[in-house]
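Here are some notes to read alongside the model. Please keep the 3D view open while going through the points.

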Amino acid sequence: MKLKIRLKEILAEKGISQRQLSTQMNIRYATINHLCSDSVDRVYIRTLEAICDALEISIHELIVEDTEA
């Protein structure tokens, strides 16, 4: 099973840029940019929790099974 982080799609839906989210969360832009890419292989759970809190979404909205893999 392959998992997918939907951060890029969620930001587009909410009209928020990667830079805005990184500023709001006070984390590096490169971190957000990496999580928006298709090549994520590791991520801290605390980072995912913080993203969910900042965007007011559940973890189930952020991480989904990639059925195209």
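1. Which residue follows α2, and what is the sign of its phi? The residue is Asn 26, and its phi is positive, near 60°. Bear in mind that this is a predicted model.

2. Helix α2 spans residues 18–25. Its buried residues are Gln 18, Leu 21, Ser 22 and Met 25. Viewed down the axis of α2, these buried residues fall within an arc of 100°, so they line one face of the helix. The general reason is that an α-helix has 3.6 residues a turn, so residues three or four places apart point the same way.

3. The cover over the buried residues of α2 includes α1 (7–14), α3 (29–35) and α4.

4. Helix α4 takes in residues 45–55, and α2 packs against α4 at an angle of about 105°, with the axes 11 Å apart. The two helices are therefore roughly perpendicular, since angles of 65 to 115 degrees count as such. On the α2 side, the contact is made by Leu 21, Gln 24 and Met 25; on the α4 side, by Thr 47, Ala 50, Ile 51, Ala 54 and Leu 55. Sorted by class, this contact has six nonpolar residues, two polar ones and no charged ones.

5. The disulfide count is zero. Why do Cys 36 and Cys 52 not form a bond? The sulfur of Cys 36 has its closest cysteine sulfur in Cys 52, 13 Å away, which is too far for a bond; the cut-off is 2.5 Å.

6. Both cysteines still count as buried: Cys 36 because its relative accessibility is 8%, and Cys 52 because its value is 7%. The cut-off for buried is under 20%.

Key. Residues numbered from 1 in each chain as written. Predicted model: local features only at pLDDT ≥ 70, side-chain atom pairs only at ≥ 80, totals over all residues. Heavy atoms only, no water. Axes fitted to C-alpha atoms, helices over the stretch in contact; angles between N-to-C directions. Helix = DSSP H or I, 4+ residues; strand = E, 2+ residues; numbered from the N terminus. Parallel < 35°, antiparallel > 145°, perpendicular 65-115°, else oblique. Contact = heavy atoms within 4.5 Å. Nonpolar A, V, L, I, M, F, W, Y, C, P; charged D, E, K, R; others polar. Buried < 20%, exposed > 50% of the residue type's maximum accessible area, 1.4 Å probe, protein only. Arc of directions from axis to C-beta.
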